[in-house]
Amino acid sequence: MSMTQQAEPAVTTPPVSGPGKEKDGRTQQRSLVLRLLARPEVGVFLGALAILVFFLIMAPTLRQGSSMSTVLYQSSTIGIMVLPVALLMIGGEFDLSSGVAPVASALTASMTAFELTLNVWVGVIAALVVSLAIGFFNGWLLVKTGLPSFLVTLGTFMGLQGVNLAVTKLVTGNVATDDISDMDGFDQAKALFASSFDVGGVNVKITVLWWLAFAALATWVLLRTKYGNWIFAVGGNKDSARAVGVPVNFTKISLFVLVGFGAWFVGMHNLFQYNTVQSGEGVGNELIYIAAAVVGGCLLTGGYGTIIGPVFGAFMFGLVQLGIVYATWNPDWFKTFLGVMLVGATLVNLWVRKQATRR
Amino acid sequence: MDRSSHPRSRRFAPVIAVAAAAALTLAGCSSSSGGKKSEEGAADASAGKATTPRMTVALVTHQAPGDTFWDTVRKGAEAAAAKDNIKLIYSADPNAGNQANLVQTAIDQKVDGIAVTLAKPDAMKGVIGKADKAGIPVVGLNSGLSDWKQFNMLEFFGQDESVAGEAFGKKLNEVGAKHALCVIQEQGNVGLTQRCDGVEKTFDGKLDVQNVNGADKPSVKSTLTAKLKQDSSIDYVVTLGAPFALTAVQSVSDAGSKAKVATFDLNKELINAVKSGDIQFAVDQQPYLQGYLAVDGLWLYKNNGNYSGGGEQPVLTGPAFVDKSNVDKIAEFAAKGTR
């Protein structure tokens, strides 16, 4: 990853004019609007807003509360995983194994519980251990070998794809796991990971709440803690960060472990929502996660980004995917619409940032 | 700050992972259902083994990793191979160019017969000609109904997707459907498109098509929920693969729709859903039979010169309907993972 980015300060306060308030033009206070536009998440917010308004006009069904709830559900299943992926990208690394990692986690939980006829919570814990271990392995291999994360996690991605398939086939004799919905503890776990509740007649999935809660927590960590500072520092310039005493290896490894945690959570949702897991799923999602983070204002080079931005990035993905359905456009063009919308949204994002930084 | 404490505590993670993996492996040995049972089933099938000389057969399909359907095809092929004293080499790649290369490797290994699927026939034409030239008999299965004869192949075992779609459309008329939604889980797949087209041909009501991302269940679910909400007149959801039918059932209840669900293809969970009435009916193309017959066909040709259909007609393995009236009989076999 490039090391040219400057670390963003943990607490973004507007640049204060020098003492005595002398105005020589260089330290001129920019207007509030410009300062707001310069925030990395504002561009994606405006992009998402534009697409939302567009689809609200094009698709009358989307105006119902229940439709919006479906969009939020779709966004949350992407968004929960986007959070740690975004943190990792701010920290200067990629994780290409993030698409199949949730499947590995769900398979572990399902097979542990089913094959040993245990309470499903045992499977859930086993899956957590395995997921964190996969994340740790990625990070450990990265700092030990010094290879780029693209390569390290590409290896894990391919390795996991094979392991998912081969171990499932070895253990169950099939390529999908058995239904665990009648086992002890399933209902409790489903309540935690995959339940839903009514708010004013609209059915809301619990993943939406988890998504927003995790996002709030991640924002706090990123902006208000020492660890958040470290993330910006290692993503900006690893060597400088190390020179000023930032534990670079710990920060990088722990970021990968966080991705493992996200994979575990998404995997558990998929398991308890759909009762069985197919071993070949998840391929391709890693690009959606990375794209949502980039659309949300995280740089591919690291050192720059927010959490709120990728939240809107994930929302935009969910919105476009389902908005096309609500608008009843020809489904053959689905992927094309998606591609055009995403590039368009990213351009809006870029344009806004340029406007904001122009004097 | 104490830097070493964190990495040390995390150093236990791999140890636990290895322990968990060991536990999983152990679990594989003591499984009460699934794996073991179906292995026993395969052992039963190989009880009466042929005394013909050992031969080698390559089965090359366009399976995507982890697809339940192809797993069943493979089990059928393995059962036939065990019975007929055949060494079966299985390989698969969803990319047509790669699949052609796999056929080439089978030719290089001088196998006694090749069974191949023709999902993208044009890409396979050249390499099948090479096998023909090398004197290796080639049989087709599953897809390629309209091309196998031109390619000078021996025989073909599969379902005519259009015929299956047409039968499905007629069945929809029978059950009184007015507005159906055909769900394609892999955009651009010829066979899947033919199914929807077949349904449209015979179905008297209105048919809409919806593409979904088959690799991501939450996406399938919310896309279908969105579609059902958008159009409340849809009264039948037609899925083209068993796992998607089960997801569609959830979408129907989420959307508060009155639609019923019916599907192409079967799996274990789907059988239970047909039993409980969540899914109205399924069209089975009998993948086990396709794998079994393809391998067995090559054995018969080698040892007795027989070939089904005389090189003129394909052998159709479907469409066979599964609904409440016959589901109990099939459930027994499905539990073993062979239907």
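How many helices and strands does the secondary structure of chain B come to? Chain B holds 13 helices and 12 strands. Before going further, please keep in mind that this is a predicted model.

## Chain A as a whole

Let's turn to chain A, where the secondary structure consists of 14 helices and 2 strands. A compact globule of 359 residues would have a radius of gyration near 21 Å, and the 22 Å of chain A agrees with that. If you would like a box for the C-alpha atoms of chain A, it is roughly 75 × 55 × 35 Å along the principal axes.

Burial in chain A reaches 57% of its 359 residues. Among the contacts in chain A with a separation of 6 or more, 77% come from residues 24 or more positions apart. The exposed area of chain A is about 14500 Å², with carbon and sulfur atoms supplying 69% of it. On the charge side, chain A carries 21 positive and 17 negative charges, and the mean positions of these two sets lie 18 Å apart.

## Annotated spans in chain A

An unreviewed UniProt entry gives the annotation "transmembrane region" to residues 42-59, 71-90, 120-143, 202-223, 244-267, 287-304, 311-327 and 333-352 of chain A. Such annotations may be inferred rather than shown by experiment.

Two of these spans can be described further. Residues 120-143 of chain A are 100% helix and 0% strand, and the C-alpha atoms at the two ends are 35 Å apart. For residues 202-223 of chain A, the end C-alpha atoms are separated by 34 Å, and the span is 82% helix and 18% strand.

## Two neighbours in helix H4

Helix H4 of chain A covers residues 101-115 and includes Ala109(A). Ser110(A) is placed in helix H4 of chain A too. Are these residues buried or exposed? Ala109(A) has a relative accessibility of 2%, so it counts as buried. Ser110(A) has 1% and therefore counts as buried as well.

Leaving aside residues up to four places away in sequence, Ala109(A) touches Gly123(A), Val124(A), Ala127(A), Met268(A) and Leu271(A). With that same exclusion, Ser110(A) touches Thr177(A), Asp178(A), Ile180(A), Leu271(A) and Val277(A). Leu271(A) is thus listed for Ala109(A) and for Ser110(A). For a sense of distance within the chain, Asn237(A) is 128 residues from Ala109(A) in sequence, and their C-alpha atoms are 38 Å apart.

## Chain B and the setting of Met153(B)

Back in chain B, 54% of the 339 residues count as buried. When contacts between residues at least 6 apart in sequence are considered, 74% of those in chain B join residues at least 24 apart. The accessible surface of chain B is about 14200 Å², and carbon and sulfur atoms account for 51% of it.

Where is Met153(B) placed? Met153(B) sits in the loop between strand S4 (138-142) and strand S5 (156-158) of chain B. With a relative accessibility of 6%, which is under the 20% limit, Met153(B) counts as buried. Beyond residues up to four places away in sequence, Met153(B) touches Val116(B), Leu118(B), Ile128(B), Val138(B), Val139(B), Gly140(B) and Trp148(B). Lys329(B) is 176 residues from Met153(B) along the sequence, and the two C-alpha atoms are 35 Å apart.

## Backbone details worth a look

Most residues other than glycine have a negative phi, and most peptide bonds are trans. With that in mind, here are a few places to inspect. In chain B, the peptide bond from Gly318(B) to Pro319(B) is cis, with omega near 0°. Pro319(B) belongs to the loop between strand S11 (315-316) and strand S12 (320-323).

Positive phi values appear in both Thr328(A), near 50°, and Gln286(B), about 55°; neither Thr328(A) nor Gln286(B) is a glycine. Thr328(A) is found in the loop between helix H13 (308-326) and helix H14 (334-357) of chain A, and with a relative accessible area of 42% it is partly exposed. Gln286(B) is in the loop between strand S10 (281-284) and helix H12 (287-304) of chain B. At 23% relative accessibility, Gln286(B) also counts as partly exposed.

Notes:
Residues numbered from 1 in each chain as written. Chains lettered and ligands numbered in written order. Predicted model: local features only at pLDDT ≥ 70, side-chain atom pairs only at ≥ 80, totals over all residues. Heavy atoms only, no water. Helix = DSSP H or I, 4+ residues; strand = E, 2+ residues; numbered from the N terminus. Rg over C-alpha atoms; globule rule 2.2 N^0.38 Å. Buried < 20%, exposed > 50% of the residue type's maximum accessible area, 1.4 Å probe, protein only. Contact = heavy atoms within 4.5 Å. Areas by Shrake-Rupley, 256 points an atom, 1.4 Å probe, with all protein chains shown as cover. Lys, Arg positive; Asp, Glu negative; His and termini not counted. Charge placed at Lys NZ, Arg CZ, Asp CG, Glu CD.
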